[in-house]
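Let's learn to read a structure together, one question at a time. Have a look at the sequence and the model first.

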Amino acid sequence: MNIIRDVQKMKEYSLELRLRRETIGFVPTMGYLHRGHLELVKRALAENDVTVVSIFVNPTQFGPGEDFDTYPRDEARDLQLLEELGVDCVFVPSEHEIYPEGYSTYVHVERLTDYLCGAKRPGHFRGVATVVTKLFNIVSPEKAYFGQKDAQQFRVLRRMVLDLNMSVTMVEIPTVREEDGLAMSSRNRYLSKSERKEALLIREALDRGLQMIKEGTYSVSEIRDELGRILRKGKHVFVDYIEIVDEKNLNPVERLDNDVILAIAVFVGKTRLIDNEVIRVRE
Ligand code: AMP
């Protein structure tokens with residue numbers, strides 16, 4: 001497995017592949033890999049000649065007071081997991097490599113970033129869109145793989161790719177969960193035993209939301225109230241948002257007429273967790 005730490009070398013590697021007409025599948029990550037990440041990697045391996053994974057904890061997508069400094073990191077383990085899967089190349093740039101002195105350019109996607117995590121984490125998607133643009137320019141993938149767990153991120157980046165005429169096909173992969181239903185996340189490792197138990201209320205709330213919609217409850221406020229009640233059963237759970245938004249433009253909806261995303265963000269203790277279900281109302 002090729003491990004590349006510098007931008008120039010990565011660009012040369014992908015240029016060579018492109019000259020040979022080999023397709024590149026790309027999985028951007030912040031490392032501390034779990035089965036969710038590995039599912040994206042497996043899809044990339046199955047669909048492309050060469051698979052590149054990046055590991056970069058991107059400082060510009062963390063707000064002040066967020067967990068950039070404490071974000072879990074274990075490069076040796078990550079590299080081992082990727083090698084075992086048969087990944088061709090891992091790009092592991094330093095912060096200085098991506099944001100050298102004098103760095104001044106940022107990508108802002110309007111509207112889609114006004115809601116959900118965009119509203120709660122100002123600047124977050126500006127950091128995400130910027131780093132993904134840079135990674136796409138460096139790696140030049142044909143296809144890039146993202147998880148549905150970060151449904152807003154996927155929609156923001158898909159918009160960016162369309163608007164900026166980037167030649168990347170965006171692929172969204174369903175959320176991978178622990179056996180008990182908790183969405184896999186690098187941040188789950190922050191949870192104490194009792195917090196880990198209470199984090200399951202997110203799954204319970206999503207299930208209840210799905211059930212209410214299936215049974216014909218079309219009032220969004222009724223669903224939000226009920227889900228809020230479930231989440232607040234947790235002593236350490238603080239609701240950041242419970243939203244039902246249009247699946248495509250992420251506008252909050254009042255009635256369930258189109259496909260929607262039921263999205264939840266909570267703090268369990270100090271750990272911020274998100275999860276969602278895409279609900280096909282039109283089926
Ligand atoms: P991260 O390292 O958290 O930035 O995530 C890197 C990629 O993995 C993103 O596209 C995430 O949406 C995706 N991802 C994270 N957790 C999961 C999961 N449980 N299931 C599927 N994809 C995931």
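Below, a learner and a teacher talk through a ligand site and a helix pair.

Q: What kind of model is this, and how are residues numbered?

A: It is a predicted model, where local features need pLDDT of at least 70, side-chain atom pairs count only at pLDDT 80 or more, and totals for chains, interfaces and linings use all residues. Residues are numbered from 1 along each chain as its sequence is written, and side-chain values use heavy atoms, leaving out hydrogens and water.

Q: Which residues come nearest to the ligand?

A: A residue is near a molecule if one of its heavy atoms lies within 4 Å of it. Here 17 residues surround the ligand, and Met30, His37, Asp150, Val176 and Met184 come nearest.

Q: Which polar atoms lie by the oxygen atoms of the ligand?

A: A polar contact is a pair of N or O atoms within 3.5 Å. A side-chain N or O atom of Asp150 is 2.6 Å from a ligand oxygen, a polar side-chain atom of His37 is 2.8 Å from one, and a polar backbone atom of Met30 is 2.9 Å from one.

Q: Which helix gives the largest share of the shell around the ligand?

A: Helices (H or I, at least four residues) and strands (E, at least two) are DSSP runs, numbered from the N terminus. H2 gives the largest share, three residues.

Q: Where do H1 and H6 meet?

A: Contact means heavy atoms within 4.5 Å. Val7, Met10, Lys11 and Ser14 of H1 meet Asn137, Ile138 and Val139 of H6.

Technical notes
Polar contact = N/O pair within 3.5 Å; in protein donor to acceptor, adjacent residues only side chain to side chain.
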